[in-house]
Amino acid sequence: MEWIPTISELSGPRYQRIVEAMEADIAAGRLVRGQQLPTQRALAKALGIDLTTVTRAYTEARRRGIMEARVGQGSFVSETSARRAVDLPHPVAIDLSMNVPPHPLEAQLDERIIAGLEALRAQSGLTAYLNYQPPGGSAHEREVAARWMRARVPHAQADRLVIFPGAQTILFNLLGHLARPGDTVLTEALTFPGIKAAAALLGVTLVGVPMDEDGILPDALAKACRAHTPKAVYLIPTLHNPTTATLSAERRGTIAKIIRDAGTILIEDDAYGLLDRSASPVANLIPERTYLATTLSKCIAPALRVAYLVTPDGGAQRDMRTSLQATVQMPAPLMVALVTHWIENGIADRIVSAIRNEAVGRQQLAQRALKGFQFLARPAAHHLWLRLPEGRPDVAAHLLRNGLAVVAGDAFTVDGAPPHAARVSLGAARNRSELTDALRILVGALQKPADTRQIV
């Protein structure tokens, strides 16, 4: 049966009532993602109103991101709340280079942001969050965050936790605190470009340690610790960026012992840990030697700029709060308050669950599209690591000429020759339809004969 909204009980202009009814029915599950909506003419006839009113309603629904029009097919409930990008650089049409979480309708981010801000306004007024706040978060905000994190990190306590404006700020401050120009920090041979940028700016030397498809190699790490006496070891043990490698429990134990025996410090980047709760952080094995960074950028949204750092002890926590104050003063109070409200009311977990489920669905779509090609992936990861055809150095450029952006292996290489591979960020596609188009372009480029050349 076609959707017919009930608008008689709502107030305001008719076109707004149609949009509000659509939003309410999506939230209640009466409308589901991808469901086809009636034509404008059919809905106007069913409601007994002018066609122009329905046209205006559908235009507003598209503007709000809850409906999308498909050429030659009709209008459908949107698969996502994300808006179409309007600032992509030429010639990019689909950008799978940024590793961001998808925003399925089930996450209800628009509605939850509005409701959360209204709750904060009713409680204390929004202007209360427009002044300076304690660097690293208030005692209440840190206690709420610590309690939330204890499901995965039992030793998380408010007096050992600092709230930062994003994980990149954590990494920069940690490198500046633990190392001096010329000092060495070990990483996986392929690593997050953000740590490379921070190290370069601070004059810290990164040394890459060999890894396999399951993560960093323990024997190689032990050898590197003996050879370089590093100030710290930076690792992404869960859903590694870019390879998705996730260390086994056994390997985590071995690596923890190596770090303890070497007398060094672990910086554990747990950016993706909330997407794979089965993986226990290495920090749980050596809490006295670990700085654990957990960000909401990959499990809710990057622009929240909220991340949590669990430090080895109270002294380290005070040092990091001082460092934070000296560099960026504090995280954005309004965003921290919103996230704290979400955590206290169980909303954060529901958002993460919706995004995790969408990530699983997109990985399944990619598995089908890329069957027969070599790549590394994990069920809940936002990305996959794709091996490119040998003898085809032009694949990334060919993709870009066809409007698709991915990130080649050299962006992640610490030292040595970069692998002939690329990270494909599935979460960056606006919806599954756009992801399907992107994967079609990708497969076409991979299948292109090696001797085919562009004629110019």
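Here is a quick tour of two spots in this structure: strand 10 with its neighbours, and arginine 423. Keep in mind that this is a predicted model.

Let's start with strand 10, which covers residues 266–269. Its side chains split two ways: Leu266 and Glu268 point one way, while Ile267 and Asp269 point the other. Whichever way they point, all of them are buried.

Strand 10 has parallel pairings with strand 9 and with strand 11, set out here:

| Strand paired with strand 10 | Residues | Sense | Bridges | A bridge pair |
|---|---|---|---|---|
| Strand 9 | 232–235 | parallel | three | valine 233 and leucine 266 |
| Strand 11 | 290–295 | parallel | four | tyrosine 291 and isoleucine 267 |

There is also a helix in this part of the chain. Helix 9, residues 249–262, joins strand 9 and strand 10 in a β-α-β unit, and that unit is right-handed.

Now over to arginine 423, which sits in strand 17 (residues 421–425). What is the nearest side chain of opposite charge to arginine 423? That would be aspartate 95, at 7.9 Å. Arginine 423 is buried, yet it has no salt bridge.

Arginine 423 does have polar partners, though. A polar atom of its side chain lies 2.5 Å from the backbone oxygen of serine 97, and its side chain makes a polar contact of 2.9 Å with the side chain of asparagine 241. Leaving out residues up to four places away in sequence, the residues that arginine 423 touches include Leu96, Met98, Pro242, His383, Trp385 and Phe412.

Conventions:
Residues are numbered from 1 along each chain as its sequence is written. This is a predicted model: local features need pLDDT of at least 70, side-chain atom pairs count only at pLDDT 80 or more; totals for chains, interfaces and linings use all residues. Side-chain values use heavy atoms; hydrogens and water are left out. Buried means under 20% relative accessible area, exposed over 50%, partly exposed in between (1.4 Å probe, protein chains only). Two strands pair if DSSP finds at least two bridges between them. A crossover is right-handed if, with the strands pointing away from the viewer, the path from the first strand over the helix to the second runs clockwise. Lys and Arg count as positive and Asp and Glu as negative; His and the chain ends are not counted. A salt bridge is a side-chain nitrogen of Lys or Arg within 4 Å of a carboxyl oxygen of Asp or Glu. A polar contact is a pair of N or O atoms within 3.5 Å; within protein, one must be able to donate a hydrogen and the other to accept it, and residues adjacent in sequence count only if both atoms are side-chain atoms. Contact means heavy atoms within 4.5 Å.
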